[in-house]
Amino acid sequence: MTAALDAPGKPAERSLHWLRWLILAFGALGVLYPIGLFLVNSLKTNAEFVVTPLSWPSVWAFENYVVAWQKARMGRLIVNSAIVSFATTILTILFASMLAFGLHIFRFRGRNAIMASVVMTLTIPAQIYIIPLYIVVISLGLINTHLALILPYTAGSLPLAVILFSNYFAGLPNEVIDAARMDGSSNFDIYRRIMLPLSRPVIGAVGIFTFVGAWNEFFLALIFIQNKDLYTLPLGTQVFATSEYSVDFTLLFAAFSISMMPMLIAYLLMQRQFIAGMAGGALKG
Amino acid sequence: MTIRLTRRNYLLGTAAAIATAALGRAGFAAGLAYQGDINMYSLVRTPPDDALAALIESFQADNPGVAIKTTSYPSETDVALMTAAQKAGEAIDIMFLNGQDLRRYAIDGTRLQLDDKLALDRFRPGALATGQVNGKTFGVPYSSISGFPLIANAKILTDHGLTMPKTYADLLAIRDKLAGTDIKVFTHPGKNIYLWPVWFFTTFGQTSGNKSVERTAEILSGKGKFTDSDVVAGLDAIFQFGKDGLLTQEIFSMDVPQSLAEFAAGRALFWMHHESVLAELMKQAPAAVTLDVTLMPLLAEGGAHATYPGGPSAIIGVNSGATADRQAASIAFIDWITSDQANAAAVKFNNGTVPVNTAVAAAGGPVVDKMVVLSDNLVTYLDWNWPPEVTHVFQEGIQAGVGGQTTAEQVAADAQAALDKLVAAGYTFKN
Amino acid sequence: MSRLGAIPWIAPGLVLFFVFVQFPILLQVWMSFGPDSMDMTAAPSLRHYVELVHDRKFGTALGHNVHFAIATVIGKVVLAFALALALNGDFRGRLFFRGVFFLPVVISFVAIGTIWGFMLQYQLGAVNGTLRAMGLGWLALDWLGSGRLAMWSVIFVDIWKWTGFHVVIYLAGLQSLPRDLYEAAEMDGASAFQRFRDITMPLMRRYTMTNVIIATLGAFSVFDVIFIMTKGGPFNSTQVAMTQIYLNAFQFQRFGYASAQATALLAIMGAVSIVLLRLSQRVDTQ
């Protein structure tokens with residue numbers, strides 16, 4: 001474990017080896033047990049789950065996944081969630097990188113103030129100002145459109161994204177930019193041909209955060225999207241309620257696991273870039 | 001120029017259509033002067049009301065040029081968001097809300113009076129009461145009228161040689177008989193504060209001498225107080241359930257799913273819960289349960305009979321400020337969705353029990369039939385008249401009281417204090 | 001360089017941000033000076049703020065936020081650091097384990113709140129069920145139904161969900177540590193523990209500050225996990241600022257007052273973040 005204590009890649013000392021595995025084992029158990037429980041329960045019938053939530057299913061209800069898919073029209077939900085999440089992610093990456101780039105290249109007074117005003121709202125959830133936001137969205141005529149979600153989500157994702165891009169750019173050596181300028185490149189060329197390609201790790205990190213946030217967002221979607229054809233995944237799971245006060249949990253769990261899959265896969269694929277992006281962008285400079 | 005079809009026309013003309021399972025195309029062609037959108041604002045229904053969707057399509061097909069646009073909000077945020085929508089300039093034609101929220105607008109005078117615009121005799125009187133202010137009707141009921149009776153597991157009674165209790169003493173005897181088993185007398189989702197006031201509505205129904213609605217009006221208009229003895233007695237009765245072990249401390253970690261689990265597993269005799277769970281239980285048909293319904297046993301001697309709190313599933317109102325032709329279109333639509341045929345479909349698709357229309361028969365077996373009989377004892381939820389601050393005091397106070405953390409007198413005093421504060425800020429009770 | 005050239009770069013983000021975040025917040029502050037009915041033409045008054053100062057429930061709720069903040073920040077930072085250390089370096093299954101700990105971050109809070117709501121339930125929950133099966137029945141407490149324990153349960157679930165996020169930040173930091181420092185120290189004869197204490201920990205301070213800031217601000221604005229799991233109960237033991245605001249806005253329909261509460265919360269969060277940022281700048285310069 002001294003490899004961990006020191007720097008990456010060095011061979012581990014045996015005495016601390018077991019400590020690493022102990023921590024990882026307990027941690028993984030703590031994470032996987034609840035998730036495993038709900039995965040198993042997603043394959044029970046609701047009647048059985050309600051009476052014995054801890055048992056193995058007596059009958060494996062694989063059809064729950066099929067029923068959940070059809071009842072909630074998950075194909076449509078996934079398409080809507082995908083549209084909103086991808087658009088939000090792309091816009092966020094674009095606007096945040098442009099904003100960070102502009103503040104990086106142009107050193108003018110007031111630069112810090114602008115940065116601070118954006119970062120200040122970092123963890124303020126939209127629920128705090130939902131009523132005035134609703135008035136704004138209605139006044140812009142956006143209710144019941146995908147934009148009603150994409151635009152506020154993007155705005156809400158900007159603070160963290162801007163921080164990450166900003167720090168990352170600050171950590172890049174100035175020589176690259178200076179050299180490009182001496183070659184006569186315009187700012188746009190520098191942005192497109194140098195900064196963006198170099199920023200792949202941060203793009204990965206911002207991409208994951210933004211995508212996950214948009215994919216799981218529920219509160220704004222519930223209020224701004226009325227048209228069932230435009231529902232995103234979190235909204236669609238409401239159909240599993242069996243009455244005003246009761247829910248078919250096993251179908252709900254099946255729906256949850258279906259919703260989880262895309263993000264899990266995306267994270268596993270992009271893990272390396274994600275962590276490198278956080279490294280470069282989180283706190284340098 | 002509006003063509004108004006009477007109920008008689010419906011019953012005669014659509015008798016054939018009723019025979020078909022689906023709603024059919026026997027909509028309502030009203031020959032409306034208004035062409036355009038009618039905006040209907042409603043609550044998000046869980047599960048979604050497919051019957052309403054079909055009714056809307058049917059109406060639009062028969063009235064080309066009129067489109068019913070629905071906007072629905074989650075149940076707690078609906079009033080706030082509707083106000084925000086109005087501030088942003090949206091025109092609201094029809095409000096389709098729960099009884100409590102629509103009543104707020106009925107009292108404010110922003111709903112159109114409907115007495116001479118719709119045939120109101122189609123509705124059960126109990127269902128109509130919620131939308132009425134000073135005897136005038138501003139909102140009409142939809143789908144079914146339902147409430148919180150005691151849902152019972154008759155199998156436990158037969159297994160242990162017991163009979164349905166009629167008095168509080170009977171309840172204690174049952175508790176003693178079940179002492180060795182793991183069966184509780186009552187299960188309840190104690191974690192959920194929204195579900196505590198119904199206990200008060202039930203007990204106060206008795207302790208007020210079956211005058212709970214009148215007494216509430218008196219208290220809210222200042223002619224009585226929450227600290228009066230019948231209110232305190234009503235609260236005390238609930239807390240007594242806790243002290244006597246009829247409600248156990250475990251209920252505070254339970255929400256509806258856990259109570260359902262307990263009841264379905266045969267580990268609880270009674271569950272005071274909304275009738276809509278009957279459909280779920282009938283579908284699951286758990287082996288450990290024989291479903292039955294009853295009312296709260298008599299808490300004390302002396303004349304008062306048992307009642308249960310309830311109300312219609314939704315009430316519909318029309319904007320009194322809209323133009324006359326929009327109002328006519330709105331009324332035509334409402335006439336359609338509250339027609340007997342539409343009502344039958346709505347009740348069926350929404351797992352309702354007792355339809356609000358008197359001409360529509362309830363369907364669902366012996367338990368539902370018993371509910372129809374019991375529904376004569378339905379008393380409108382008292383919090384449909386209470387200001388929300390008072391409701392909140394009761395929600396928290398009853399939960400705390402059953403948990404042994406406060407007394408009936410204290411809760412009553414807190415409720416009165418909340419009311420006094422509102423009165424000082426300008427609140428007056430309107431009925 | 002001319003300031004104007006910056007405009008096309010910063011304008012899109014700033015405009016979007018203003019319209020959908022800053023303007024609604026400003027509108028909300030404006031509404032806090034208005035009446036409860038959202039009528040925006042009324043004359044401004046401070047009475048909501050006067051009422052707020054006397055609002056004991058809001059004060060208690062803020063106290064819960066502070067409790068929540070201290071517990072979750074310590075929990076997340078310590079756990080995340082330990083996990084990041086364990087995940088650092090080359091070992092078999094590294095990618096798998098890194099994926100595992102990020103899982104809770106990726107799952108929606110509705111799913112998490114529902115699952116943990118079940119697991120922590122007194123009679124039928126998995127946690128108590130497992131404890132009883134292991135013979136530890138006396139440990140099987142009423143995690144969500146007891147006024148004393150509910151807050152800790154919510155804290156636990158929040159830590160469970162977000163630790164993975166902080167692990168990633170720490171991992172990123174650990175991976176950026178310069179190797180030569182360690183090699184030099186090792187050659188000087190420093191033990192593993194000394195290397196850890198004197199090199200790793202100081203260099204990680206900056207990342208710790210980042211995690212502390214994010215976790216603290218999150219603790220003051222926490223809403224979802226509490227709303228889903230306890231709604232502020234039982235017996236008001238888990239009320240926080242946001243649940244009070246929600247109550248006033250949506251149950252009591254007092255929009256003016258709720259806006260005042262929200263504005264006050266924003267001000268508090270602003271003050272906390274300034275304090276923390278100053279602290280982190282001092283840490284940075286060490």
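Of the 285 residues of chain A in this predicted model, 50% count as buried. The secondary structure of chain A consists of 14 helices and two strands. Among the contacts in chain A with a separation of 6 or more, 74% are between residues 24 or more positions apart.

**Contacts between chains**

Chain A touches both chain B and chain C. With chain B, the contact takes 21 residues from chain A and 30 residues from chain B. On the chain A side, at least two residues each are supplied by helix H3 (46-51), helix H7 (130-139), helix H12 (219-224), strand S1 (241-243) and strand S2 (246-247). The largest share, five residues, comes from H7(A).

With chain C, 69 residues of chain A are in contact with 80 residues of chain C. Helix H1 (residues 7-32) of chain C gives the largest share of the chain C side, 16 residues.

The table sets out residue classes for these two sides and for a helix pair in chain B that is described below.

| Contact | Nonpolar | Polar | Charged |
|---|---|---|---|
| Side of chain A that touches chain B | 14 residues | six residues | one residue |
| Side of chain C that touches chain A | 57 residues | 17 residues | six residues |
| H3(B) with H15(B) | seven residues | no residues | one residue |

**A helix pair in chain B**

Helix H3 (residues 50-62) and helix H15 (residues 340-349) of chain B have axes that come within 8 Å and cross at roughly 150°. Because angles over 145 degrees count as roughly antiparallel, H3(B) is roughly antiparallel to H15(B). From H3(B), the contact is made by Asp50(B), Ala51(B), Leu52(B) and Leu55(B). H15(B) contributes Ala342(B), Ala345(B), Ala346(B) and Phe349(B). The one charged residue in this contact is Asp50(B).

**Ala249(C)**

Ala249(C) is found in helix H11 (residues 241-251) of chain C. Is Ala249(C) buried or exposed? Ala249(C) counts as buried because it has 26 C-beta neighbours inside 10 Å, where 20 or more are required.

Which residues is Ala249(C) in contact with, leaving aside its neighbours within four places in sequence? They are Ile131(A), Ala80(B), Phe255(C) and Ala258(C), so the list includes residues of chains A, B and C. The residue from chain A, Ile131(A), falls within the range of helix H7 (130-139) of chain A. Ile213(C) lies 36 residues from Ala249(C) along the chain, and the C-alpha atoms of Ile213(C) and Ala249(C) are separated by 28 Å.

How values were computed:
Residues are numbered from 1 along each chain as its sequence is written. Chains are lettered from A and ligands numbered from 1 in the order in which they are written. This is a predicted model: local features need pLDDT of at least 70, side-chain atom pairs count only at pLDDT 80 or more; totals for chains, interfaces and linings use all residues. Axes are lines fitted to C-alpha atoms, for helices over the stretch in contact, and angles run from 0 to 180 degrees between N-to-C directions. Helices (H or I, at least four residues) and strands (E, at least two) are DSSP runs, numbered from the N terminus. Angles under 35 degrees count as roughly parallel, over 145 as roughly antiparallel, 65 to 115 as roughly perpendicular and the rest as oblique. Two residues are in contact if their C-beta atoms, placed from the backbone, lie within 7 Å. A residue is buried if 20 or more other C-beta atoms lie within 10 Å of its own, exposed if 12 or fewer, and partly exposed in between; C-beta atoms are placed from the backbone.
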